[in-house]
Amino acid sequence: MNKAIPMPQKPWQPSGADKVKSLLIVLAAFVLAGASVELTGLNGKLGFFFSLFISLLVLNFSFHYFKRGTAAAKDALLQVLAVMAIVITLIPIVSIVATVFSKGYKGLHWGILTKDMALASVNDPIASGGLLHALVGTILMVGGALIISFPIGVLTALYLTEIRGSLTRPIKFLVQAMSGVPSIVAGLFILSSLVYPVTKELSGLMGSLALTILMIPTIARTAEEMLRLIPNELREAGVALGGTQWRTVAGVVLPAAKSGLVTAIILGVARIIGETAPILLVSGGGDSLNLNPTEGAMGSLPFYIWKAFLTSGTPESLARAWAGMLVLLSFIFILFGMARYISGRKVG
Amino acid sequence: MTESNNFTNNEKEEQMTTSHVTPSSLSSVASARAVRQPGTEMLGNGLETRGVHAWFGKKHVLSDVTLDFAAGTVTALIGPSGCGKSTFLRTLNRMHEFIPTAAMAGEVLLDGKDIYSPDTDVTKIRLRVGMVFQKPNPFPSMTIGENVLSGLKLAQLKRKNTDELLESCLIRAGLWNEVKDRLGEHGGALSGGQQQRLCIARSLAVEPQVLLMDEPCSALDPGSTFRIEETIADLAKTMTIIIVTHNMQQAARVSDYTAFFLSDGGPGEMIEAAPTSRIFSSPQDKRTEDYVTGRFG
């Protein structure tokens, strides 16, 4: 009671005056950019952003230079560059999401997730038909591809990180090269090696197999990097307790890498969920709901979008295409959100 | 496997009476411990090495170590960094081969049988010769209780009464009182010293007859170090312990025997091995004396 406890403070943070000054710099940069668009040959959004960028750089640099010298000025310069890089990265993402939402919601209606296009054409009024068949087809084909490629990808990663056999280097090279395979090549490969000579029928399973070719390298590479992050001491501890290599990997290494493996799944799914070309070639892209992957044409969301965009160009078909994109995008967000939640719940 | 675990205090006392060490040569710290002598009569009941060499790639890091570890004794391996003592320790439970470029020569006899002979099951060897590492490394995906019993799962051993085993291992590692109410928490939630005792408990669960400890206290504060030394003294009643340490006082406090390793730029060699009291009071080799008196290293 004899000594007053001081208020907690944060003297290292910028003061109010500092904040006002930085705000003034940003405002001045906007004014400069506006003026240069008015007075010089620069015009349009691009010109405005370009001069805003330059004036921000110059103003920030000189302000800090006069205030605290070269080192602080360089710091400020780098900060502006970093912020600009973020803005440039975000512009297309935000723009895509905003466009899809603003154009896509018009095509939404009750029943879009419960009806298929078996009895409706893309030019019919929005309220008839839906994209159930496409959503189910995407889920089945991506799920099938995931079931096949996750074990193969993880086992490949285990060969590269745990077994480290003599083939490690060539396999690593091959996996890297494989991740550059164009998706249409994967589709053509399945078409010529399985569809024409063996099954003689387009089906969802063929679509899954084509997607698997694209998915394995992504999962294998990501899983490999995640497994490399597991400290060697854990492997040694497992082996020193009398575990075989397999038991140590299954009981210690893989559980420790769990959230990394979820990341591998996310990146793998992200790689293939929007693929159109291989689906077009080998799954047939039907208009009606098909729950059997081994028989008959199967639709998918990218195929639905592609078809609605290209076949006629009527307002109804365009609205359907945008709605398809909105559903696909939302589906991806929900999927990734769930994966992050599941993997983030526990330590390790 | 449990043959040497049955070592009782009586047998140790008998050994003490046959000790060749003269009491006058005991240094004050080391004399606090009962000294047991490794003898040829103990053959077939401990761990012995015969002319062990080790390489990493082309680099010869350890040369010709012949050393006996009698059952139920604590042996400290001391020496400056890079003298090959950790490498030597890792040859004793075949962890050495875990490093891709590693090579070795010589014999390591456990109960008189070479653990490097082709018909040996390496996982069985590591079950009988457990190991505690320098950095505490509890398994991050497991709870405290699961960590202790992880060896059973890894080695696919069947045990009844795992609850009893869990408790007894934690009691022997001196950790029970601190964690008995939080066995379901993750091992990472413990302090460094507690994590290390958890790792000791983990290696006890598979009932090894030899326990190798590679600088187990180097990352710990004095309080935790003291607890682990108590644990070692307790464990020595039932198993053979070999501990690598940079801490001379620790070697004097916990060990019956001490082996001094040194590298003069070439491969590490064992310079001298003797009862701990003799190493610290009247070492035979000048280099040992220089090291234990702190003149170099």
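Modeller: Let's start with a term: a residue is called buried if 20 or more other C-beta atoms lie within 10 Å of its own. Keep in mind that this is a predicted model.

Colleague: Okay, which residues of helix H8 of chain A are buried?

Modeller: In H8(A), which covers residues 232-240, they are Leu234(A), Arg235(A), Ala237(A), Gly238(A), Val239(A) and Ala240(A). Each is listed as buried, so each has 20 or more other C-beta atoms within 10 Å of its own.

Colleague: What do the buried residues of H8(A) pack against?

Modeller: Part of the answer is in chain A: helix H9 (245-256). The rest is in chain B, namely helix H3 (122-128), strand E6 (129-132) and helix H4 (144-154). Right after H8(A) comes Gly242(A), with a positive phi near 90°.

Colleague: How many residues of chain B are in contact with chain A?

Modeller: There are 26 from chain B, and they touch 21 residues of chain A. On the chain B side, the elements giving two or more residues are H3, E6, H4 and helix H7 (192-204). H4(B) gives the most, with four residues. By class, that side of chain B has 11 nonpolar, 11 polar and four charged residues.

Colleague: Why is H4(B) called oblique to H7(B)?

Modeller: Look at the angle: the two axes cross at roughly 40°, coming within 6 Å. Angles under 35 degrees count as roughly parallel and 65 to 115 as roughly perpendicular, so a value between those ranges is oblique. That makes H4(B) oblique to H7(B). The crossing is also right-handed.

Colleague: Which residues meet where H4(B) and H7(B) touch?

Modeller: H4(B) brings Ile144(B), Asn147(B), Val148(B), Ser150(B) and Gly151(B). H7(B) brings Leu198(B), Ala201(B) and Arg202(B).

Colleague: What makes the classes in the contact of H4(B) with H7(B) come out as four nonpolar, three polar and one charged?

Modeller: Ile, Val, Leu and Ala count as nonpolar, Arg as charged, and Gly falls among the polar ones, as do Asn and Ser. The residues that meet include Ile144(B), Gly151(B) and Arg202(B), so one nonpolar, one polar and one charged example are easy to find there.

Colleague: And back in chain A, how is the chain divided into domains?

Modeller: Domain 1 runs over 19-106 and domain 2 over 132-344. Their C-alpha centres lie 39 Å apart. Even so, seven residues of domain 1 are in contact with six of domain 2. The domain 1 side of that contact has four nonpolar, one polar and two charged residues.

Notes. Residues are numbered from 1 along each chain as its sequence is written. Chains are lettered from A and ligands numbered from 1 in the order in which they are written. This is a predicted model: local features need pLDDT of at least 70, side-chain atom pairs count only at pLDDT 80 or more; totals for chains, interfaces and linings use all residues. Domain bounds come from an automatic or database domain assignment. Two residues are in contact if their C-beta atoms, placed from the backbone, lie within 7 Å. A residue is buried if 20 or more other C-beta atoms lie within 10 Å of its own, exposed if 12 or fewer, and partly exposed in between; C-beta atoms are placed from the backbone. Axes are lines fitted to C-alpha atoms, for helices over the stretch in contact, and angles run from 0 to 180 degrees between N-to-C directions. Angles under 35 degrees count as roughly parallel, over 145 as roughly antiparallel, 65 to 115 as roughly perpendicular and the rest as oblique. A crossing is left-handed if the near helix is turned anticlockwise from the far one by less than a right angle, and right-handed if clockwise.
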